[in-house]
Amino acid sequence: QVQVVESGGGLVEPGGSLTLSCATSGSMAEITAMAWYRQPPGKLRELVAVKTPQGKTTYADSVVGRFAISGDAKTTVHLQMNGLKPDDSAVYYCNVITRTDYGAADYWGQGTRVTVSS
């Protein structure tokens with residue numbers, strides 16, 4: 001069974017930094033990417049950043065220049081968040097995308113809450 005576990009959320013003041021981590025295990029399929037999503041209160045879940053095992057990264061426009069995704073994207077990814085704003089407050093979810101001969105599947109973690117407030 002595939003497990004996805006996030007950690008590192010918490011309360012931080014505006015302008016501060018925080019690092020989230022995601023670890024996955026148990027997949028027998030090829031992992032093609034690992035991504036971070038977030039869901040602010042009362043809003044839809046949105047993509048924040050994604051990384052492939054080959055090293056390709058993609059970011060939402062709202063976090064370019066402030067957030068950085070790292071890790072091997074096979075078992076682990078991290079999200080370094082700098083210059084945090086109140087609008088960054090959300091539950092952050094890790095998403096693991098896999099591929100087999102039968103198609104694609106993805107798996108979600110339980111989420112970790114980030115609150116940016118003074």
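This passage walks through a predicted model of one protein chain, from its overall make-up to its core.

A good place to start is the list of elements. The protein chain contains 11 strands and zero helices, and from the N terminus on its elements read β-β-β-β-β-β-β-β-β-β-β. The radius of gyration of the protein chain is 14 Å, close to the 13 Å expected from the globule rule for 118 residues, so the chain is as compact as a globular protein of that length. Measured out along its principal axes, in the computed sense, the C-alpha trace spans about 50 × 25 × 20 Å.

Surface and interior can be described next. About 6400 Å² of the protein chain is exposed, and carbon and sulfur atoms supply 50% of that area. Of the 118 residues, 39% are buried, which here stands for under 20% relative accessible area. Contacts also link distant parts of the sequence: among those in the protein chain with a separation of 6 or more, 53% join residues 24 or more positions apart.

Some of the strands can be followed into a sheet. Four of them form an open sheet in the order S1-S3-S8-S7, and their pairing is antiparallel. At the edges lie strand S1 (3-7) and strand S7 (67-70), each of which pairs on one side only. From one strand to the next, the twist averages 15°. A closer look at one edge shows S7 joined to strand S8 (residues 76-81) by four bridges, again in the antiparallel sense. Along this pair, Ser-70 stands opposite His-78 in S8.

Attention now turns to the interior. In soluble globular proteins, nonpolar side chains tend to be buried together. In this model, the largest nonpolar core has 26 residues, and Trp-36, Leu-79, Met-81 and Tyr-92 have the most contacts inside it. Two or more core residues come from each of strand S3 (18-25), strand S4 (30-39), strand S5 (46-51), S7, S8, strand S9 (90-100) and strand S11 (112-116). S9 gives the largest share, four residues.

Tyr-92 offers a helpful view of how these parts meet. Leaving aside neighbours within four places in sequence, Tyr-92 is in contact with Trp-36, Leu-79 and Met-81, among others. Its further contacts include Glu-6, Leu-20, Tyr-37, Arg-38, Val-48 and Phe-67. Later in the sequence, Gly-111, Thr-112 and Val-114 are also in contact with Tyr-92.

Note on methods
Residues are numbered from 1 along each chain as its sequence is written. This is a predicted model: local features need pLDDT of at least 70, side-chain atom pairs count only at pLDDT 80 or more; totals for chains, interfaces and linings use all residues. Side-chain values use heavy atoms; hydrogens and water are left out. Two strands pair if DSSP finds at least two bridges between them. Axes are lines fitted to C-alpha atoms, for helices over the stretch in contact, and angles run from 0 to 180 degrees between N-to-C directions. The radius of gyration is taken over C-alpha atoms; the globule rule is 2.2 Å times the number of residues to the power 0.38. Buried means under 20% relative accessible area, exposed over 50%, partly exposed in between (1.4 Å probe, protein chains only). Contact means heavy atoms within 4.5 Å. Accessible areas come from the Shrake-Rupley method with a 1.4 Å probe; for residues, only the protein chains shown count as cover. A nonpolar core is a set of buried Ala, Val, Leu, Ile, Met, Phe, Trp, Tyr and Cys residues joined through side-chain atoms within 4.5 Å.
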